[in-house]
Amino acid sequence: MSTTDSHRTTLIHSARIVNEGRICTGWVLIEGDLIAATAEGDVPADIAARAADVVDAAGRLLLPGAIDEHVHFRDPGLTRKADMATESRAAVAGGVTSFIDMPNTVPATTTLAALDDKCRRAAEVSLANYGFFLGATNDNIDELLAADYTRVAGVKLFLGSSTGNMLVDSRSTISRIFSEVPALIAVHAEDEQIIAARRKAVRERYGEDVGVEFHPVVRSHEACVEATRLAVETARATGARLHVLHISTADELQFFSPGPVAGKRITAETCPQYLLFSDELYPVLGARIKCNPAIKRPTDRDALRGALAAGLIDVIATDHAPHLLEEKQGGAFKAVSGMPMVQFSLPVMLGLASEGVVTVPEVVEKMAHNPATLFGIDRRGFIRPGYYADLVLVDDQCEPYPVTADMVLSRCGWSPLEGAPLGVRIDMTWVNGALVYRHGVIFAGANGMPLRFNSH
C-alpha cells in the first residue's frame, strides 16, 4: 500500500521533460499517486490553481523514474551487506523509483512462501516500488508453474554459478522451464563447464593467489557466448520469452535483433559497469570491479556502447550487488564478485550521454520505458496522465563533483566510482507522487508499492 496523501497536488513546471523519444519544455501536475496532466509550454491558470505544492524546475531535466530490473538487495539473510531499507534509499537517491530483486538470498527465493516473505518485508521498509524474481533450481518446477506472474516478474535462471549457488545444470530441467513456464525467463548466461576448465587450468599453472586480472580469463568470452547461444537456441525452439542479463561481450550481440522492445521474444540487458570499465582497469581498481560476468576488453566495452543506439541492447540495469570491502580483498579466486551501482547508474548513463555515447532520450528508453514494456509493468516507466507519478528531477548543468565514500547510501559503504567525476546530479525524486528525496535528504514517510506485471 502506498502511504501517499490522496489529496496532495504538486505542480512541476519549466522542466525539460524527457519522454518517449522527445525533450520538450513543459509541466507535470501530480494528484495523489498519479500524474493528472502534462503538457508543453506555460502552465494554464486553472492547472496552477489546483496545485498545493509548486516546484520550479528552472530548465532541469524531468524524467520518468528509472526501473532497475536487476538488483541484489541481500534481504533476507545477507543483511550485513545490505537490506531493502538501505538499498531502496540508495535507489531513490539515484533516481531509481522501482526495482526487481533477484532470488539468491538466504533462504533463496525459490518457493512461493519465500516470495511472500520478501513482499511483506518490502511493504514494510522499501522507499521504492518493488518486484521479485522467483529463482529456478534443478527441482522446483512445480513452484515455478504455480506462481502468479502478475505478481512475479519472472523466473531467474543461473546457467553459470554465482553468488548463492543456484546453478541449474540439468538439461531436462532447463528444457521444461523454457517449454512450460508461462513467464519471462531471465538468464545469467555463463557456461559452467567452460568456467570450471578455465579455473582448473589457471590454478595448475599459476596457483591459488592469482591477481584479479585473471577473472576474465576464468570467466571467459567463450563461457558467455556458449551459454547465451544455448539460451537463445532453446528460447527459439520453445517460443519462450527470454531476457539475457548483463551482456559483457561483443560476441554475444550476434544473438540479438535491433528494433523496439515491444513484440520481441528475446531481449538483452547490459549494465553501466560494462559500458564504463575494461580489463585495463583491473590494476587500478582491483576487485572493486570484479563481477560476474567479468568486465572484459575495451573492444567489448566499445561494442556494447554501439549496441545501445542500434537497439541490440534493450535495457540498462545495474546488477547492484553490494559486498563489504573486506570481502573484496584478494585476487581472482578469493575476492567476492559484485559491486554497488544503483545510486549512481542514472548519473553515469546521463554522463555518457554528455559524451555522445548515447542520447538522453535513449537513456530514458533503456532505463524506464523499456523495462516497463518488457515486463508489462502496470502504469509505470512513462510520463503520461493516469500513470503513477514516479519522477526524477535532474541537474545536468551542475559543476562536476567527485564520488566519495561518504555519499554512498548502500550499507556496504563504498563505490567503484570513488574519485571519478560526475557532471549530473539527482535533485529530487518522487515515488507514487510522494517526494522521497531532495538535495541529499531522504524523506522516509512514503513506502513504495508492489509492481504488477503482464510480460508473457
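**Exercise 1. The hairpin of β1 and β2**

Find how many residues lie between β1 and β2 in their hairpin, and look at the phi of E20.

*Solution.* Start with the turn: β1 and β2 form a hairpin with 2 residues between them. Next, check E20 in that turn, where phi is positive at about 55°. Then look at the strands themselves: β1 covers residues 9-19, β2 covers residues 22-31, and they pair in the antiparallel sense over 9 bridges. Strands here are DSSP runs of E with at least two residues, helices are runs of H or I with at least four, and both are numbered from the N terminus. Two strands pair if DSSP finds at least two bridges between them. As a last step, locate I12, whose bridge partner in β2 is V28.

Before you go on, note that this is a predicted model, in which local features need pLDDT of at least 70 and side-chain atom pairs count only at pLDDT 80 or more, while totals for chains, interfaces and linings use all residues. Residues are numbered from 1 along each chain as its sequence is written, and side-chain values use heavy atoms, with hydrogens and water left out.

**Exercise 2. On to β3**

Work out how many bridges join β2 to β3, and which residue stands opposite L29.

*Solution.* First, find β3 at residues 34-40; 6 bridges join β2 to this strand, and the two run antiparallel. Second, follow L29 across to β3, where A37 stands opposite. Third, inspect the turn: β2 and β3 form a hairpin with 2 residues between them, and G32 there has a positive phi of about 60°.

**Exercise 3. Backbone surprises**

Locate R74 and H439, and give the phi of each. Then inspect the peptide bonds that lead into P76 and P107.

*Solution.* Keep a general rule in mind: most residues other than glycine have a negative phi, and most peptide bonds are trans. Now take R74, which has a positive phi of about 70° although it is not a glycine. R74 sits in the loop between β6 and α2. With a relative accessible area of 2%, R74 is buried (under 20% is buried, over 50% exposed and in between partly exposed, using a 1.4 Å probe and protein chains only). H439, in the loop between β18 (434-438) and β19, has a positive phi near 50°.

For the peptide bonds, begin with D75 to P76: this bond is cis, with omega near 10°. P76 lies in the loop between β6 (66-71) and α2 (84-93). The bond from V106 to P107 is also cis, with omega near 5°, and P107 belongs to the loop between β7 (96-101) and α3 (112-125).

**Exercise 4. Rings and charges**

Count the aromatic pairs, then classify the pair of Y130 and F132 and the pair of F375 and F453.

*Solution.* Rings of Phe, Tyr and Trp (its six-membered ring) pair if their centres lie within 6.5 Å; planes under 30 degrees apart are stacked, over 60 edge-to-face, and the rest tilted. This rule gives 6 aromatic pairs. Y130 and F132 form a tilted pair, 6.2 Å centre to centre with 40° between the planes. Both Y130 and F132 are buried. F375 and F453 have ring centres 6.5 Å apart and planes at 65°, so their pair is edge-to-face. F375 lies in helix α13 (residues 360-375) and F453 in the segment after β19 (441-442), so this pair ties together parts that are 78 residues apart in sequence.
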